[in-house]
Every structure is written in C-alpha cells, then in structure tokens.
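User: Please take me through the fold shown here, one question at a time. I should like the terms defined as they arise.

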Amino acid sequence: MKKIICKKEYDTETATLIKKVTVGYYGDPAGYEESLYQTPEGLYFVYVNGGEQSPYSHEEITRLAKTKVNEWIENH
C-alpha cells in the first residue's frame, strides 16, 4: 500500500518492515495485523489491516514520530 501524507510518501513495498503483529488467524473476521515500517528516508509508519469485525476493517497507513517508535515496539 502507498499513501502520501504531508507531501511524504509512505509505501509498504519500498520501506523496511521492523515489526509485525498478527492477532487471530487468516480469514478471522475479528483478526488484524499491525506492521511498523521505516522508509528509506528514515520516516516511520504503521500499516494496519483486518477483518470486518476488527478494529481495522480496512487497510490504512499512519505516520509515527521517531520519539514514539520504541514505545510502539514495547507495547506490541
């Protein structure tokens, strides 16, 4: 997935995956995935996607401040 936020590109195809968390199983309507990525420019973002009954019923990218990366990793 690719998204432009504040004129910066966040792309799961070109970024490096740092950590991925999976809840549930493939096809689980309440299951979801949260993935932390770093762009080649050093920016961080979280990609989420899940089943229709999950907190993430559609795929989305949100940016993450460098100061919040360690907190995200520790809490996931």
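User: Over how many bridges do strand E4 and strand E5 pair?

Analyst: This is a predicted model, in which local features need pLDDT of at least 70, side-chain atom pairs count only at pLDDT 80 or more, and totals for chains, interfaces and linings use all residues. Residues are numbered from 1 along each chain as its sequence is written, and side-chain values use heavy atoms, with hydrogens and water left out. Strands (E, at least two residues) and helices (H or I, at least four) are DSSP runs numbered from the N terminus, and two strands pair if DSSP finds at least two bridges between them. E4 (residues 32-38) and E5 (residues 44-50) run antiparallel, and the number of bridges is seven.

User: Which residue in E5 is the bridge partner of glutamine 38?

Analyst: Glutamine 38 has its bridge partner in E5. That partner is tyrosine 44.

User: Which strands stand at the edges of the sheet?

Analyst: The open, antiparallel sheet has the order E3-E4-E5-E6. Each edge strand has a single partner, so one side of it is left without a neighbour in the sheet; these are E3 (16-23) and E6 (60-64).

User: Which element supplies the largest share of the largest nonpolar core?

Analyst: A nonpolar core is a set of buried (under 20% relative accessible area, 1.4 Å probe, protein chains only) Ala, Val, Leu, Ile, Met, Phe, Trp, Tyr and Cys residues joined through side-chain atoms within 4.5 Å. The largest has eight residues, including Val21, Leu36 and Trp72. E5 and helix H1 (69-75) each supply at least two of them. The largest share, three residues, comes from E5.

Key
Buried means under 20% relative accessible area, exposed over 50%, partly exposed in between (1.4 Å probe, protein chains only).
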